[in-house]
Amino acid sequence: MNPVWHNTAPLPQQTVLAQYVQEKLPIIHDLTKEAEAALKEDSGDASFDAYVSRDPDRVHEQVEALYEILRKLPLTYRVEPPGPMPPRQEIRLAGTVLAATHRHGCCVDLVLLLASALYEVGLHPLIVIVGNASGPAHAVLAYWTEEFA
């Protein structure tokens, strides 16, 4: 059974969404290894060196390499089906989204997948939930371009 996110909980309780970032999965590690080749081709350097260079452009290159690997996978966006107890949303974890029998996810699922890859290589993802007075409507990924102590 997949975990459930209570998407209208008060803000401090919504931070639990980050617990579904699964950077240590072997399949995430495999994706980051594939992205090394794309990173080398685009920048001449296959290293995921996170923030070592102190160059935001280098961070963007690393994120782009990970995004491109995921973009090339046969994944589709699928709206979350209505659940039995709104306002809850079932979370499809990275392994489920990438499973050969599944290969789809909603915005939250896909953002968590990319966030997992970023975190695996030492980058700091931000999961941004946007919406209006009626509640959350969409999830997007942001990331730090420099490391803050």
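This passage looks at one helix pair and at the salt bridges in a predicted model.

Take the helix pair to start with. Helix α3 (residues 56-71) packs against helix α5 (residues 107-120) at an angle of about 135 degrees, and their axes sit 10 Å apart. An angle between 115 and 145 degrees falls in the oblique range, so α3 and α5 count as oblique to each other. The crossing of α3 past α5 is right-handed. On the α3 side, the contact is made by V63, L66, Y67 and L70, while α5 brings in L113, L114, A117 and L118. Sorted by class, that contact comes out as eight nonpolar residues, with no polar and no charged ones.

Now for the charged side chains: the structure holds six salt bridges. Two of them lie within α3. R58 and E61 pair up at 3.1 Å, N to O, and being three residues apart in helix α3 they are separated by about one helical turn. R58 is buried, at 8% relative accessibility, whereas E61 is partly exposed at 31%. Further along, E68 and R71 meet at 2.7 Å, N to O, again three residues apart in α3 and about one helical turn from each other. R71 is partly exposed, with a relative accessible area of 48%. Shared partners also link some of the bridges, joining D45, D49, R58 and E61 into one network.

Helix α2 (residues 26-43) has a salt bridge with the same kind of spacing: K33 and E36 are three residues apart, about one turn of the helix. Their closest N and O atoms are 3.2 Å apart. K33 is partly exposed at 43% relative accessibility, and E36 is partly exposed too, at 26%.

Conventions. Residues numbered from 1 in each chain as written. Predicted model: local features only at pLDDT ≥ 70, side-chain atom pairs only at ≥ 80, totals over all residues. Heavy atoms only, no water. Axes fitted to C-alpha atoms, helices over the stretch in contact; angles between N-to-C directions. Helix = DSSP H or I, 4+ residues; strand = E, 2+ residues; numbered from the N terminus. Parallel < 35°, antiparallel > 145°, perpendicular 65-115°, else oblique. Left-handed = near helix turned anticlockwise from the far one by under 90°. Contact = heavy atoms within 4.5 Å. Nonpolar A, V, L, I, M, F, W, Y, C, P; charged D, E, K, R; others polar. Salt bridge = Lys/Arg side-chain N within 4 Å of Asp/Glu carboxyl O. Buried < 20%, exposed > 50% of the residue type's maximum accessible area, 1.4 Å probe, protein only.
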